[in-house]
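Thanks for coming. I will put the structure up now and then walk through some of its local features.

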Amino acid sequence: LNTIYLKDYTAPSFLIEKTTLTFEIFPEYTLVRSHILFSQNPLRTDLPTQLDLFGVDLEIVSLSIDSIELSDKHYTWVDEVLCIKNVPTNFLFEAVTKIYPDKNTSLEGLYLSNGMYCTQCEAEGFRKITFYPDRPDVMSEFETRIEADLNDYPTLLSNGNLLDSGELENNRHFAVWQDPFKKPCYLFALVAGDLDVKEDVFTTVEGKKVELKIFVESHNMHKTEFAMQSLIRSMKWDEERFGRVYDLDLFMIVAVDHFNMGAMENKGLNIFNSALVLADEATTTDAGFERIESVIGHEYFHNWSGNRVTCRDWFQLSLKEGFTVFRDSEFTADLHDRAVKRIDDVKLLKTMQFAEDAGPMAHPIRPSSYVEINNFYTLTVYEKGAEVVRMLHTLLGETTFRKGSDLYFDRFDGQAVTTEDFVVCMQEVSGLNLDQFQRWYNQAGTPIVEVFEHFDQASGKYTLKFKQSCPPSINQPEKLAFHIPIKMALMNKADQTHLDLTAIDEFDMDTQVYHLTQDEQMITFENLTSKPVASLLRDFSAPVKLVFDRPKVEFAYLLANDDNSFNQFEAGQSLMQSHLLEQYSILAKGGEYQMDSDLIDAMQSVLAHDELSDAKKAAILTLPNFSYLSDQIDQVDVDVLLNLLKQCKTQIAKALEQQWLDNFNALNDSVEYAFVASQVGKRSFKALCLSYLSYLGQYSGLITSLYESASNMTDRSLALNLIANSNNKNQKQAINAGFYEKWKQDTQMVEQWLSIQSRGESTSIADIKALMQHESFDIKTPNKVRSVIGSFAMGNPLHFHAKDGSGYEFLADQILVLNELNPQIASRLCAALTHFKRYDENRKLKMIDQLHRIDQCKSLSKDVKEIVTRSLQ
Ligand code: B3K
Ligand code: ZN
């Protein structure tokens, strides 16, 4: 395995003035002609004369320099690198290559999706199109000519503005696109297909009219309105909140069914997974609408954070991704319910990212090495990366942070830069010393902050001690102290006021942040008449594990009274978690489950709380999930934990049965569906009520009638989910068959249908295999793979973790098949096997066996190889 290191970075030898490409698309192959003007990089004082270009799976027709054709004596082409020696300082390089998009199942480079040609170049897909310095710090203007059959491919698109178009002989036609902004080749895009277009116009704050176009297959036109409105909201929000104005006259989105990820921010021509564009009330859930809006926002926001200012190398990926996730998360928070968005984001971080940071793939948000960069589009780079940017926002406050981001965009416009460049801007505008803060970029692992408090009634003295540490990660046995912003308040129980914290040295009154920078720090208060209740890490102000062993009554107090919404939620979670962990150890020793009546009381008071919104109630009353809890337990026994969760939910359902039912009935009104925060909150609370009731057995009639009467996909999918868990086989089969008959023409509905079944508690491995035989399943379509295999591995713990190891074996089989077709998807699926350390000895060994079995495959892609090797080392 060839490892690439950040420390080996060198500036490119040659820069590019202009890239001109011609694509001649024929049924059997595509001919790509490139015309690239190179000049020696003035920064390279060593005056290099060797040109290194990347190229993969290309058939060479001809190569030339300054119009002199090169024979194979003039170059070598080994391991993706085409190397030409003794080139002049300025020269024209031309290549004609043949590629075979119809054979490209990796969905990287140029490929076909439902008869439509499209590209995916990030991170290193451009090298599958033509020879090129495929690295983000080589930026160029692009002019692209596309020629294809007029009937089959009437729509021809690329980045920028349309310069020219017209007809050719033999019923062919052409289009020429020109992108005036210099960009790295990973932002290149091309589409050729037979598409319909939804159009609108956005007038920027500067008064410029931007044409907006969403291209889809004609049968999907009715599902484009929401994406268009989301795009318009994104453009407006970025102007208002970040001062970012769109730069081209045209912004296009294309929906494709075959896509490895969510979407791609190609300059002026975003390409989207259909599932993240197409929406309407009948087929999209509330969560679906929110996700689509946020991804449309995310890709649009990249136009500045990623495209105008890009990354110097792929180690800097979080520079654009962390920042852009922070931006899209603020977008959603500003438009909808800020507290709920924060709760959702933190949940994802704590369940998935913390696990990644503790597992074999742990890496800093700026990794120092990789084998396959596609393996580093991770929760760590994205979500933890966004948390690191959020910490800067917390430390600086909104106004100063905005100054920092303005400076960053202004200073580095048109450049390829590093995460340090970003932090330095924040440092300059704030005057804060952020040297220590930079460690967040270089050290992996989730820091632990332990808190100890002591109150002495006699002297009225209260002390709060913080101790930070971070467990070792691969290649990082020792960690240095982090700069951790702890947003906090000390609450006075008697009158609900906050203690004045002005006198504390490390406390910043403006931001309400306590700066924890040492391994240990302490705060002392004198002359208090009673012990305050500390509300720490408000809004989850740092991605750390807070360990604070405190009396349960304090959590109950915070649950009822904390004026920080997030911490109110956290207090409830802490109560539930400590109950569940206590009971887990009892059950694991063969004891019997016992519900805690204090917990029921606390839940009851949340239900009765008249200041809490429906959405907040739903969030607070949801138990921590299987995956999060298994992380809190050493070598978890899956059966015990699943059994515990079932018993606990059943007891909660019983104890508060009448409330769940009353609330469900009150919320289950027939108001006309709209995707607005108030309705979304209602539906999520309603879903929680019905989910609890489903544990009682006698409510299956309520579930089926909700299914039958549902006027929207949120209710329908809730009912379908609960039905998928039930053991009533006949009813389940009938409902599933009916659903499929009704919706089989709608790809997004079929994907949801597959996914719900695959997660169902009563769906066995045999059922999953049967689903894979269903006419709607196709292993070459990533969405289908995710819906069935991904949902099973990540969302069906009961059967995936079957004691006999059959779930693991099944997954390994699929990984081996996908390894040949689509290494990126294969490698994603490996994650489910790599966390074997979490599980009991039997399961752990069975998972390791499967990893070894995968490892023995002779033709293992570097994507899969890297994950498997790291896991087994
Ligand atoms: N930048 C793309 C991700 C590309 C993934 C390549 N394996 C989408 C995004 O984060 O916006
Ligand atoms: Zn992104």
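**Backbone, sheets and the ligand shell**

I start with asparagine 86, which counts as exposed because 9 C-beta neighbours lie inside 10 Å. Before going further, please keep in mind that this is a predicted model. Asparagine 86 is found in the loop between β8 and β9, the latter being residues 90-99. What is notable is the backbone: asparagine 86 is not a glycine, although its phi is positive, at about 55°. As background, most residues other than glycine have a negative phi, and most peptide bonds are trans.

Leucine 107 is another case. Its phi is positive, about 55°, and leucine 107 is not a glycine. Its place is in the loop between β9 and β10, where β10 covers 109-113. Is leucine 107 buried or exposed? Leucine 107 counts as buried, because it has 24 C-beta neighbours inside 10 Å, and the cut-off for buried is 20 or more.

Now the sheets. Eight strands make up an open sheet with mixed pairing, and the order is β6-β5-β9-β3-β2-β12-β15-β14. Its edge strands are β6, residues 68-69, and β14, residues 161-168, each of which pairs on one side only.

Take the β14 end to begin with. β14 pairs with β15, residues 172-183, in the antiparallel sense, and seven bridges are involved. One pair to look for is aspartate 164, whose bridge partner in β15 is valine 176.

At the other end, β5, residues 59-65, pairs with β9 over six bridges, in the antiparallel sense. β5 also runs antiparallel to β6, and two bridges join them. Serine 64 is a useful residue to find here. Its bridge partner in β9 is glutamate 94, and in β6 serine 64 stands opposite glutamate 69. The connection between β5 and β6 is a hairpin with two residues between the strands. Aspartate 66, in that turn, has a positive phi of about 45°.

There is also an open sheet of three strands, with the order β4-β8-β7 and antiparallel pairing. Here β4, residues 51-54, and β7, residues 75-78, are at the edges, and each has a single partner strand, so one side of each has no neighbour in the sheet. From one strand to the next the twist averages 20°. β7 and β8, residues 81-84, pair antiparallel over four bridges. Which residue of β8 is the bridge partner of threonine 76? That partner is cysteine 83.

Next, the strand β27, residues 484-487. Ile484 and Ile486 point one way from β27, while Pro485 and Lys487 point the other way. All of these are buried, the lysine included. β27 runs antiparallel to β30, residues 513-516, and four bridges join the two. Within that pairing, the bridge partner of proline 485 in β30 is histidine 515.

Further along the chain, valine 547 lies in β33, residues 545-548. Valine 547 is exposed, because it has 12 other C-beta atoms within 10 Å, and the cut-off for exposed is 12 or fewer. For a sense of distance, valine 547 and leucine 51 are 496 residues apart in sequence, and 55 Å apart in space, C-alpha to C-alpha.

On to the helices. Two packed helices are described by the angle between their axes and the distance between the axes. How do α2 and α3, residues 317-335, cross, and within what distance do their axes come? The axes come within 9 Å and cross at roughly 135°. That makes α2 oblique to α3. The crossing of these two helices is right-handed.

That brings me to ligand 1. Its shell consists of Glu122, Ala123, Met261, Ala263, Met264, Glu265, His298, Glu299, His302, Glu321, Asn374 and Tyr377. By class, the shell divides into five nonpolar, three polar and four charged residues. Which elements each supply at least two residues of that shell? They are β20, residues 263-264, and α2, residues 286-301.

One last backbone detail belongs to this shell. Glu122 and Ala123 both surround the ligand, and the peptide bond from glutamate 122 to alanine 123 is cis, with omega near 0°. Alanine 123 lies in the loop between β11, residues 116-120, and β12, residues 140-149. β12 is itself one of the strands in the eight-stranded sheet.

How values were computed:
Residues numbered from 1 in each chain as written. Chains lettered and ligands numbered in written order. Predicted model: local features only at pLDDT ≥ 70, side-chain atom pairs only at ≥ 80, totals over all residues. Near = placed C-beta within 6 Å. Nonpolar A, V, L, I, M, F, W, Y, C, P; charged D, E, K, R; others polar. Pairing = 2+ DSSP bridges. Axes fitted to C-alpha atoms, helices over the stretch in contact; angles between N-to-C directions. Parallel < 35°, antiparallel > 145°, perpendicular 65-115°, else oblique. Left-handed = near helix turned anticlockwise from the far one by under 90°.
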